[in-house]
Amino acid sequence: MLQVKHLYKSYQSGTIKYEVLKDVSFEVMEGEFVAVMGPSGSGKTTLLNCISCFIPYDNGEILLKGTSLSKLNEKQIAKVRNEKLGFVFQDFMLLDGLTVFENVCIPKIIDEAPYEEMEKKAENLLKLFGIDDIKDKYPAEISGGQKQRTAVARALMNNPFLILADEPTGNLDSKSSEAVIGAFVKAQKEMKATTFMVTHDSFSASYCDRVIVMKDGKIYKELIRSGSQRMFMDRLLEVLGAMNGGDEHDCK
Amino acid sequence: MVVMSMTVNKVWEKLRKKNREPYQQFEFCVGFAVMLISSYLIMLYSPLIQRTLPEGGDSRMQVSMIFVVAAAGCVIFVIYAAGMFLRYKSKEVGVFLALGMDKGRIKKALLGEIARCMFKTAVIGIVAGSLMALLIGKVFEQIAKRVTNYSFEFTVKGITFGIMYALIITVVIMIMVFRFMKKTNIMDILNEQRKQEPIKKMVTSTYLVSGIALSVIGVFVGYILPAVVIRFMHHYLGGWTNIFYILVLIGLYRIMVYSVSCHRKGGNPQKYYRNMISYGMLKFMGRSIVRNMMVITLLVVGGLFSAFYIPLNNSSMQEILGQYEDMYSYSYTEDAKEVTQKEVEALAMKYNVEIKNYREARFLQVLGSGVNRDNVDKSGKLEEIYQKKYVVYECISASQYERLTGQKKDVAEGTYYMIQSPNVRENIFNHFDDMDQLYLDKEQLYMPMKYAGNLTYQCLVNGRGYDENARFVISDQDYGRIKAGTAQYLAVKQVLFDNTKGKQAVSFANELYKKFADQMSDKMNVSANYDDYKAESAKSDSMYCMAATYDPENPAMESDWKYEPNFQILKQEYGMLTYAVYLLLFLYVSVICLAAVGIISYARSQSVGLSSRQVFSDLEKLGANHSYLTKLLKKQIQKVYVLPTVLGSFVILVFEIMLLKLNDGVITKGEIYLIPVLMLVVGIVMLYQFGIYCYSTKKVKKILGLEE
C-alpha cells in the first residue's frame with residue numbers, strides 16, 4: 001500500500017543544515033495498522049508530513065499503491081489527499097463553526113459527492129465510533145476523545161487507501177485515548193482501513209500490528225506484534241528502554 | 001436531513017455565520033478606515049474647505065501632510081486587521097487543504113469572502129463617511145457662515161477619491177491573500193494561527209543609542225540645517241533634506257525594538273526577575289508589536305500636531321490683537337469721497353457711541369529703491385537684485401507722525417524710520433534698510449535716504465510692513481521736498497480714533513465698514529499686495545494688480561484688500577469665526593488620527609491578550625493567582641500604550657517648540673505661555689489613551705477569565 005524508499009529530508013537554519021531523515025525505507029501493507037515511535041527529534045513527524053505531501057523532501061521516493069507522490073502536480077496531490085489519504089491531527093483540526101456531522105461530511109463535500117450517499121456514510125461512521133448521539137453538537141461542546149473520534153470518522157469518509165495520524169492521542173487522557181485507538185482498530189477490522197500513526201504513547205502503539213522505532217532520523221528497529229496487546233506493550237517498553245539506556249551509556 | 005444541500009460555498013457561509021467575531025472585527029476595521037478617510041476627502045474637496053484654504057498656502061500643505069499620515073496609518077491599520085483575519089482563516093484553509101481541496105478553489109473562495117466583506121464595508125464606510133462629512137460640513141457651515149459664503153457640497157472629486165481609497169485598500173488586502181495562499185507548506189498555514197513573531201536579532205543598548213542618534217540627525221539635517229543655511233548663508237538646500245526624516249522613523253523604530261527586546265539584569269536584578277515573564281512574552285511578539293507601536297506613535301504625532309493648531313492660532317491672534325493702539329484705523333487715497341469726520345460723528349450719534357481722539361494725517365506715496373528677493377538661482381542661492389525703482393512707499397512727516405501717535409522723534413534730513421510692529425525681526429527676505437533712495441518724478445531726480453531705525457505703531461502698519469506695504473517716517477523737510485517733487489501717485493489719508501465700547505459699537509463699526517467700502521475710489525479696489533509701480537510694469541494677471549475681494553455687508557469675511565479698514569472691535573467680535581473653518585478642519589484631522597490610535601491600540605491589546613492565553617493558562621497551572629496574572633496582563637498591554645503615546649507626544653512637543661523658534665527666530669512671551677497649553681492638550685490625549693487602556697484591559701481580563 002505504502003512504500004517509502006531511501007527518504008532524505010533536511011532543514012536549513014541559517015548556515016546550519018539539520019538532517020532529519022537519513023535514508024529511511026519501509027513498507028506498509030494493505031489493512032495494516034502501523035505505528036512510528038521514537039524520541040523527540042527522531043524525525044517521526046517529519047516522516048509523516050513527507051508522506052502526507054505537507055512538506056517536500058530532498059531525496060527518495062514515496063509510493064502510494066504504486067503511484068509516486070513526488071511526481072504529482074498540486075491538483076493531483078489535492079485529489080490524492082481527498083480520496084486516497086485520511087488525516088487525523090493531534091489537535092483535531094475540526095472546524096468550529098460546523099457540527100460533528102458536518103465536519104465528518106467535509107471530504108465528501110469537497111469531492112462534491114451526492115448527498116444521499118454522503119449522509120448515509122457519515123451516519124454509519126458516527127454509529128461505528130459511538131458518536132452518533134452528539135452529531136448535532138459543535139466541537140466546543142464535546143470532549144477531546146469525541147473530537148478525535150469525529151476526526152477519525154472524517155478521515156474515513158472517502159474510504160482512503162491510508163489513514164495518516166499524527167499523535168492522535170497526544171492531547172487526550174487515558175480513557176479518551178483508549179476510545180480513539182479503539183476507533184482505529186474498528187476501522188481496521190470492519191473497514192479494512194490501513195493506518196500509519198505517529199505516537200509517543202506505548203499503550204496506543206501496542207494495539208498496532210507493527211511498530212517502527214526511529215532514532216536520529218533512521219529506523220532503529222521494527223517490532224511485529226505477536227501475542228497479546230499487553231505482551232506487545234512490554235516488548236515495546238523494553239526496546240524503548242534499551243534505546244534510551246543506550247543513549248545514557250553513550251553519554252557515559 | 002442536516003446537510004442536504006451542502007456545498008463548499010454553503011460550508012464557507014456557515015463558518016462565516018458561526019464565527020461572526022473575526023469577520024465583524026475585520027469588517028469594522030475596514031469600514032472604520034474607509035469612513036474616516038472618505039469623510040475627510042469629501043470634506044476636503046467640498047467648496048467650503050477648498051475655497052477657505054488658500055491655494056499653495058501653509059494651511060493647505062499642513063492639512064495635506066497630516067492627511068497623508070492619517071491615510072497611511074489607516075492603510076497600516078487595515079493591513080493589520082487583514083493579517084489577523086487571515087491568521088484566523090488559516091486553520092480553515094489548512095484543514096481544507098489537508099482534506100484534499102484544490103488550492104485554486106480555496107483561493108477563489110477566500111478571495112470571494114474578502115471581496116464580499118470589502119464591498120459591503122466599503123459601501124457602508126463611504127455612505128457613513130458621506131453622512132459624517134455632511135453632518136460636520138453643515139456644522140462648519142453654520143459656524144463659519146459669517147466669515148464665508150461657501151457652503152458644504154458633495155463633489156465628484158471627493159467621492160471619487162473616497163472610492164479610490166477603498167479600492168486601494170482592497171487591492172492591498174487581495175495582495176495579502178495571494179501571498180498567504182502562495183505558501184506551499186500546509187504545516188505553515190495550519191500553524192499560522194500559533195505563529196509567534198520574535199525579533200531574531202540580538203538587541204543591545206547600541207540599539208537605543210543609535211536610535212536616538214538617528215532621530216537627532218534626522219531632525220537636524222531634515223529641519224534645522226535648511227533653516228540655518230537659509231538664515232546665515234541665504235542658500236536653499238532644496239527638497240533632498242526631507243529624505244533625512246526617514247532617519248527619524250528608523251531611529252524611533254530602533255528605540256521601540258530596544259524597549260521591547262532588550263532587558264538585562266543590570267543594577268536591579270529583583271526588578272528584572274519580577275518582569276522576566278512579561279519581557280519574554282513581549283519579545284516573542286516583537287516584530288508585530290513594534291510595528292503597531294510605530295503606527296500608534298506616528299498617529300499620535302499627527303493627532304497632536306493638528307490639535308496644537310487650535311491653541312497656537314488662537315494665541316497668535318490674541319497677541320496680535322493686543323498690539324493695536326487704536327480701535328479704528330483706516331486709510332484711503334485722496335481721490336476717494338470717503339467718510340468725513342463729520343459723517344463719522346453723525347454715525348456715532350445714531351448708535352449712541354462717543355468718538356474719542358479722532359486724528360488724521362497724510363502719507364505721500366513715492367517710488368523708491370529696494371532689493372528684489374523673489375527668486376533663487378540654479379544652485380539654490382537666493383538672488384538679491386537691487387532695483388533703483390522698486391515699489392511705491394508711503395511716507396509721513398515726523399510732525400504728523402507725532403500728532404498721530406504721540407511719539408516725538410527727531411528725524412534728520414536724508415534719513416528715515418520704518419514703521420513696524422513690536423518685536424519684529426529682519427529675515428532673509430525682508431530687511432529694514434533696503435530702501436536708500438526715493439524718486440522725485442517731477443524733477444526726475446533720486447533723493448538719497450538712509451535708514452535710521454524703526455518706530456513702533458501697529459495701527460499704522462500695512463500688512464507685514466515691508467516692500468509694497470512699507471511705511472516710513474521722514475523729516476518735515478524731506479516730506480516737503482517729496483510733496484513738491486512728485487505727482488505720479490496720490491497721497492493717502494490716514495485716520496485713527498477710539499470710541500466707547502458697547503453693544504451698539506459693533507453696529508456702528510459694521511455700518512462704518514460698509515460706508516467706507518461703498519464710498520471708496522477705483523484706485524482703492526486692489527488686493528493687499530498691489531503695488532502701483534509693479535502693476536504698471538507687470539502683466540495684468542500678476543498678484544500685484546489684482547482687484548480686492550471683500551464683502552461690504554460682512555466685515556468678518558476673509559478679504560484680500562489693501563485698504564481694508566482695521567476695526568479692532570470687529571476683529572474681537574469675529575476673530576474666532578475667521579479661524580473657525582481652519583480650526584474645525586484641524587480638529588477633524590486630529591479626531592481621525594486619535595480615533596485610529598484608539599482603535600489600533602484596542603485591537604492590539606486584544607490580540608496581545610489572546611495570543612498569550614496559553615502562557616496564562618500554563619502560569620495558572622504553575623500556581624500564579626489572578627492578581628499576579630492581571631499584573632502581567634497589564635504590563636503586556638501597557639507596552640502598546642505607554643511608549644508610543646509618550647514618544648509621540650515628546651516628538652511633537654519638541655517639533656512645535658522648534659517651529660515657534662525657527663519661524664521668526666524668536667520665542668515670544670505669548671508663545672512661552674502657550675507651552676503649558678500644549679502640554680495640557682498632550683495631557684488630554686494621554687487621558688484618552690488611559691481610558692482606552694482601562695477599557696481594553698477590562699475586556700481582555702474578561703476573555704481570559706481574570707475578572708475579580
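In this predicted model, strand β1 of chain B pairs with strand β9 (residues 492-499) of chain B in the antiparallel sense, and 6 bridges hold that pairing in the description. The model as a whole scores ipTM 0.79 and pTM 0.69, and 25 residues of chain A are in contact with 24 residues of chain B. The points below begin with the strands around β1(B) and then turn to helices, cores, the contact between the chains, two unusual backbone angles, and confidence.

**Strand β1 of chain B and its partners**

- Besides its pairing with β9(B), strand β1(B) is joined by 2 bridges to strand β10 (residues 566-567) of chain B, and these two strands also run antiparallel.
- Tyr328(B) takes part on both sides, since this residue stands opposite Phe497(B) in β9(B) and also opposite Phe567(B) in β10(B).
- Why is strand β1 (residues 328-333) of chain B described as largely enclosed by the rest of the structure? The reason is that 5 of its 6 residues are buried.

**Chain B as a whole, and one of its helices**

- Chain B contains 20 helices and 10 strands, and buried residues make up 38% of its 708 residues.
- Among the contacts in chain B with a separation of 6 or more, 83% are accounted for by residues that lie 24 or more positions apart.
- Helix α15 (residues 503-519) of chain B has 17 residues and reaches 25 Å from its first C-alpha to its last, which is close to the 24 Å expected at 1.5 Å a residue.
- The buried residues of α15(B) include Phe508(B), Leu512(B), Tyr513(B) and Phe516(B), and Asn510(B) is also one of them.

**The sheet in chain A**

- Chain A has an open sheet of 4 strands in the order β2-β1-β4-β5, with antiparallel pairing.
- In this sheet, β2 (16-28) and β5 (67-68) of chain A stand at the edges with a single partner strand each, so one side of each is left without a neighbour in the sheet.
- Strand β1 (residues 2-13) of chain A pairs with β2(A) in the antiparallel sense over 9 bridges, and the bridge partner of Leu2(A) in β2(A) is Val28(A).

**Nonpolar cores**

- In soluble globular proteins, nonpolar side chains tend to be buried together.
- The largest nonpolar core of this model has 192 residues, and those that touch the most other members are Val152(A), Ala33(B), Phe77(B), Val78(B), Ala81(B) and Ala596(B).
- Helix α4 (residues 58-98) of chain B supplies the largest share of this core, namely 17 residues.
- Leaving aside residues up to four places away in sequence, Val152(A) touches Val88(A), Phe129(A), Val180(A), Ala183(A), Phe184(A) and Ala187(A).
- A second, separate core has 64 residues, and Val391(B), Val411(B), Leu438(B) and Leu460(B) are included in it.

**Where the two chains meet**

- On the side of chain A, 25 residues are in contact with 24 residues of chain B, and α2 (74-83), α3 (100-110) and α4 (115-128) of chain A each supply at least two residues of the side that touches chain B.
- How do the residues on this side of chain A divide into nonpolar, polar and charged? There are 14 nonpolar, 3 polar and 8 charged residues.

**Two residues with a positive phi**

- Most residues other than glycine have a negative phi.
- Cys53(A), although it is not a glycine, has a positive phi of about 65°, and its place is in the loop between α1 (44-51) and β4 (59-64) of chain A.
- Asn352(B), which is not a glycine either, has a positive phi of about 60°, and its place is in the loop between α12 (341-350) and β2 (355-372) of chain B.
- Is each of these residues buried or partly exposed? Cys53(A) is buried, because 22 other C-beta atoms lie within 10 Å, whereas Asn352(B) counts as partly exposed because it has 13 C-beta neighbours inside 10 Å.

**Confidence**

- Chain A averages a pLDDT of 86, with 97% of the residues scoring at least 70.
- Over residues 247-252 of chain A, however, the pLDDT is below 50, and this stretch has 0 contacts in the model beyond near neighbours in sequence.
- Where pLDDT is low, the predicted coordinates should not be read in detail.
- The mean pLDDT of chain B is 84, and 91% of its residues reach 70 or more.
- Within chain B, confidence is lowest in helix α7 (residues 186-191), at a mean of 67, and highest in strand β8 (residues 471-474), at 96.

Key:
Residues are numbered from 1 along each chain as its sequence is written. Chains are lettered from A and ligands numbered from 1 in the order in which they are written. This is a predicted model: local features need pLDDT of at least 70, side-chain atom pairs count only at pLDDT 80 or more; totals for chains, interfaces and linings use all residues. The expected span of a helix is 1.5 Å times one less than its number of residues. A residue is buried if 20 or more other C-beta atoms lie within 10 Å of its own, exposed if 12 or fewer, and partly exposed in between; C-beta atoms are placed from the backbone. Two residues are in contact if their C-beta atoms, placed from the backbone, lie within 7 Å. Ala, Val, Leu, Ile, Met, Phe, Trp, Tyr, Cys and Pro count as nonpolar, Asp, Glu, Lys and Arg as charged, and the others, Gly among them, as polar. pLDDT is the predictor's confidence in each residue, from 0 to 100. A nonpolar core is a set of buried Ala, Val, Leu, Ile, Met, Phe, Trp, Tyr and Cys residues joined through C-beta atoms within 7 Å. Two strands pair if DSSP finds at least two bridges between them.
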